[in-house]
Amino acid sequence: MRRPRLLYIPFWATLVFLYAPIAVVVAMSFNSGDSAYTFEGFSLKWYGVLAANERVLDGLVNTLIVATGSTVLATVLGTLLAVGLARHTRSRTLDAVSLMPAVLPDLVLAIGLLMFYGLVQFTLGLTSVILGHAVFSMAFVAAVVRTRLTGADPSLEEASRDLGAGPVTTFVRVTLPQLAPGIVAGALLAFTLSLDEFVIAFFTIGNLEQTLPIVIYSMVRFGVEPQINALGTLLLLVSFTAVIIGQRMTRIGEARAQD
């Protein structure tokens, strides 16, 4: 039975609504004119201007430091959390609590982190942002790794223990290789989330450093500059690349699980 063609109208309308603004940003990043809204010709000059902007470069360096540090912490803690919840502790309450940072509004989490840092007199800076992003991203990593755990064979771990391997050896040599695709996918997701996260960084970074999203926010408060389109295009490319790699790793893990 053929589906009515009218059913495709909402589908394509939604795609256009979602991706048309992104296409405009990408197209305008190659504009030769000084206007961010009028295309006057093809040029790469705004990428050159962006490369010479020291404020943007400093923000990029800070963002990469934060994203790398938070990804490492979130990946380690999220993986251990997923294994603990799936293999050792079965509790719906703990499941809900572990996912709480992912479903809480960023504003609530940011204010909570700021109050906690003030309570323990923790100095705000890149370290405080790394810890905040790790808390936020850890829930996503745990969810991805736990999904991978559902396809892992627990009998391999039991066989390892029966043959005399300890819990640590079994985890390192048996469990981790099975979870590797999910761990990589979770790490890429955590890196992407940290790369463009604004609210938590804005509340917890202090006054001395700025991450790239904060720099962008300060630049667009009084109007969009053409170089912002170039910067948005580069960030979009990084995000798409990370998502594609993450999906590829997930498919590899599913294929291995089926074999």
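At what angle do the axes of helix 3 (residues 54-88) and helix 11 (residues 212-220) cross, and within what distance do they come? In this predicted model, the two axes cross at roughly 150 degrees and come within 7 Å. On the helix 3 side, the residues that meet helix 11 are Arg-55, Val-56, Gly-59, Leu-60 and Thr-63. Their partners in helix 11 are Leu-212, Pro-213, Val-215, Ser-218 and Met-219. Sorted by character, the residues of this contact are six nonpolar, three polar and one charged. As you follow such a list along a helix, remember that an α-helix has 3.6 residues a turn, so residues three or four places apart point the same way.

Let's move on to helix 7 (residues 126-149), which packs against helix 9 at an angle of about 150 degrees, with the axes 8 Å apart. Angles over 145 degrees count as roughly antiparallel, and helix 7 and helix 9 are therefore roughly antiparallel to each other. Their crossing is right-handed. Helix 7 brings residues including His-133, Phe-136, Phe-140, Val-144 and Arg-148 to this contact, while helix 9 offers, among them, Gln-178, Pro-181, Ala-185, Leu-189 and Leu-193. The residues of the contact divide into 13 nonpolar, six polar and one charged.

Helix 9 deserves a look of its own. Covering residues 167-195, helix 9 spans only 35 Å between its end C-alpha atoms, whereas a straight helix of 29 residues would span 42 Å. Now trace helix 9 to Ala-180, where it bends by about 55 degrees. A proline, Pro-181, follows within four residues of that bend, and Pro-181 is also one of the helix 9 residues that meet helix 7.

Notes: Residues numbered from 1 in each chain as written. Predicted model: local features only at pLDDT ≥ 70, side-chain atom pairs only at ≥ 80, totals over all residues. Heavy atoms only, no water. Helix = DSSP H or I, 4+ residues; strand = E, 2+ residues; numbered from the N terminus. Expected span 1.5 Å × (residues − 1). Bend = angle between axes of the 7 residues up to and from the residue. Axes fitted to C-alpha atoms, helices over the stretch in contact; angles between N-to-C directions. Parallel < 35°, antiparallel > 145°, perpendicular 65-115°, else oblique. Left-handed = near helix turned anticlockwise from the far one by under 90°. Contact = heavy atoms within 4.5 Å. Nonpolar A, V, L, I, M, F, W, Y, C, P; charged D, E, K, R; others polar.
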